[in-house]
Amino acid sequence: MCSAPVPKLLPIQVHGLRVTTQKRALLNAVSCDISSDGISVIMGPNGAGKSLFLRCLHGLTQPAAGEIQFCGRPLDEAVVKRQSFVFQSPTVLRRTVFDNLAFVAGLRPDITMDTVHQLLAEMRLEGLRDQPARLLSGGEKQRLAMARALLTAPDLLLMDEATANLDPASVHIIETSLKTAAQQGMKIIVVTHDIGQARRLARDVLFFSHGRLTEHTDADNFFHAPQSAPAQAYLRGDLIDLNPNS
């Protein structure tokens with residue numbers, strides 16, 4: 001049990017989560033307990049429900065049934081404010097790179113300009129600080145989005161395929177930053193299709209198939225001895241049938 005004030009949002013306890021559309025279950029009776037520090041990785045084929053599950057954790061999608069608790073607290077506005085979410089397609093403000101971060105800092109009296117400069121350097125954006133953010137490359141925009149998410153020092157960072165299709169240098173910068181943040185106590189949950197990235201980052205793995213969580217285990221166990229048939233097929237590189245009834 002957690003005592004107040006709550007220092008972290010762990011454990012994250014999900015019970016019977018269900019999301020439906022047009023009478024079809026997109027997430028079906030998903031239950032799990034995410035209690036480990038570090039980086040949890042969510043994997044599975046397209047359409048398995050990975051991103052939808054992440055959106056539920058951030059309150060962006062309302063489930064038809066089920067419950068989500070963070071250290072015994074419901075998913076309310078106070079909990080959401082302690083999270084940051086990085087999407088696959090970054091959104092930047094029509095400002096310079098520096099002003100994208102300075103704008104966020106201006107909303108929070110606890111954020112200093114020293115932190116802004118530190119994140120610009122960490123994301124290798126200091127040389128671009130005066131450039132219009134919308135003219136950045138895809139990798140640079142995502143690094144800016146990552147810096148903006150880290151600027152608020154969230155207790156929980158959620159990332160949805162945030163490094164998909166990025167250049168290797170940007171992937172390396174973002175992964176290095178994630179590892180540093182995790183070492184400093186931030187809980188991170190990452191959705192990725194990149195098995196190599198999952199091997200580099202994951203402390204534990206949640207594997208989804210056809211809207212169900214078929215496996216949640218330590219990363220070493222998952223990659224060396226997956227227990228569920230869908231996970232075994234995925235790691236072998238088998239073609240996955242998206243229609244469970246076919």
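The legends below describe close-up views of a predicted model.

**View 1. The six-stranded sheet and its edges.** In this predicted model, six strands are arranged as an open sheet in the order 6-7-8-3-9-10, and their pairing is mixed. The edges are taken by strand 6 (83-86) and strand 10 (212-218), each of which has a single partner strand, so one side of each is left without a neighbour in the sheet. From one strand to the next, the twist averages 15°. Helix 6 (residues 168-183) packs on this sheet, where it touches strand 3 (39-43), strand 7 (156-160) and strand 8 (187-191), and the direction of the helix makes about 145° with that of strand 8.

**View 2. The hairpin of strand 9 and strand 10.** Strand 9 (residues 204-209) pairs with strand 10 in the antiparallel sense, and six bridges are found between the two. Among the bridge partners, Phe208 is matched with Leu213 of strand 10, while Leu206 is matched with His216 of strand 10. Two residues lie between the strands of this hairpin, in which His210 takes a positive phi near 55°. In a regular strand the side chains alternate between the two faces of the sheet.

**View 3. The four-stranded sheet and helix 1.** Four strands form an open sheet with the order 2-1-4-5, and the pairing here is antiparallel. Strand 2 (24-34) and strand 5 (73-74) are the edge strands, each pairing on one side only. Within the sheet, strand 1 (residues 12-21) and strand 4 (residues 65-70) run antiparallel and are joined by five bridges, and His15 stands opposite Glu67 in strand 4. Helix 1 (residues 50-57) packs on the sheet and touches strand 1, strand 2 and strand 4, with a direction that makes about 120° with that of strand 1.

**View 4. Burial along helix 1 and the residue that follows.** Helix 1 is mostly covered, since six of its eight residues are buried. The buried residues of the helix are Lys50, Leu52, Phe53, Leu54, Cys56 and Leu57, a set in which the lysine is listed alongside Leu52 and Phe53. Just after the helix, Gly59 takes a positive phi of about 80°.

**View 5. The salt bridge between Arg82 and Asp155.** Side chains of opposite charge can pair when their charged atoms come close. The count for the model comes to six salt bridges, one of which is formed by Arg82 and Asp155, whose closest N and O atoms are 2.7 Å apart. This pair links distant parts of the chain, with Arg82 in the loop between helix 2 (77-80) and strand 6, and Asp155 in the loop between helix 5 (138-151) and strand 7, 73 residues apart. Arg82 has a relative accessibility of 18% and therefore counts as buried, whereas Asp155, at 25% relative accessibility, counts as partly exposed.

**View 6. The salt bridges of Glu175 with Arg200 and of Asp110 with Arg108.** A salt bridge joins the side chains of Glu175 and Arg200, at 2.8 Å from N to O. The pair links distant parts of the chain, because Glu175 belongs to helix 6 and Arg200 to helix 7 (residues 195-201), 25 residues apart. Glu175 is buried, with a relative accessible area of 6%, while Arg200 is partly exposed, with a relative accessible area of 43%. In another salt bridge, the side chains of Asp110 and Arg108 meet at 2.9 Å from N to O, and Arg108 is partly exposed, with a relative accessible area of 27%.

**View 7. The largest pocket and its lining.** The largest pocket has a volume of about 350 Å³, and its lining is made up of 18 residues, of which Leu150, Ala153, Ala181, Gln184 and Met186 lie nearest its centre. Helix 4 (113-122), helix 5 and helix 6 each supply at least two residues of this lining. Helix 4 gives the largest share, with four residues of the lining.

How values were computed. Residues numbered from 1 in each chain as written. Predicted model: local features only at pLDDT ≥ 70, side-chain atom pairs only at ≥ 80, totals over all residues. Heavy atoms only, no water. Pairing = 2+ DSSP bridges. Axes fitted to C-alpha atoms, helices over the stretch in contact; angles between N-to-C directions. Contact = heavy atoms within 4.5 Å. Salt bridge = Lys/Arg side-chain N within 4 Å of Asp/Glu carboxyl O. Buried < 20%, exposed > 50% of the residue type's maximum accessible area, 1.4 Å probe, protein only. 1 Å grid on protein atoms, 1.4 Å probe; cavity = no way out; pocket = protein on both sides within 12 Å on 5 of 7 lines; lining within 4 Å. Points joined across faces, edges and corners; volume = space filled by probe spheres on them.
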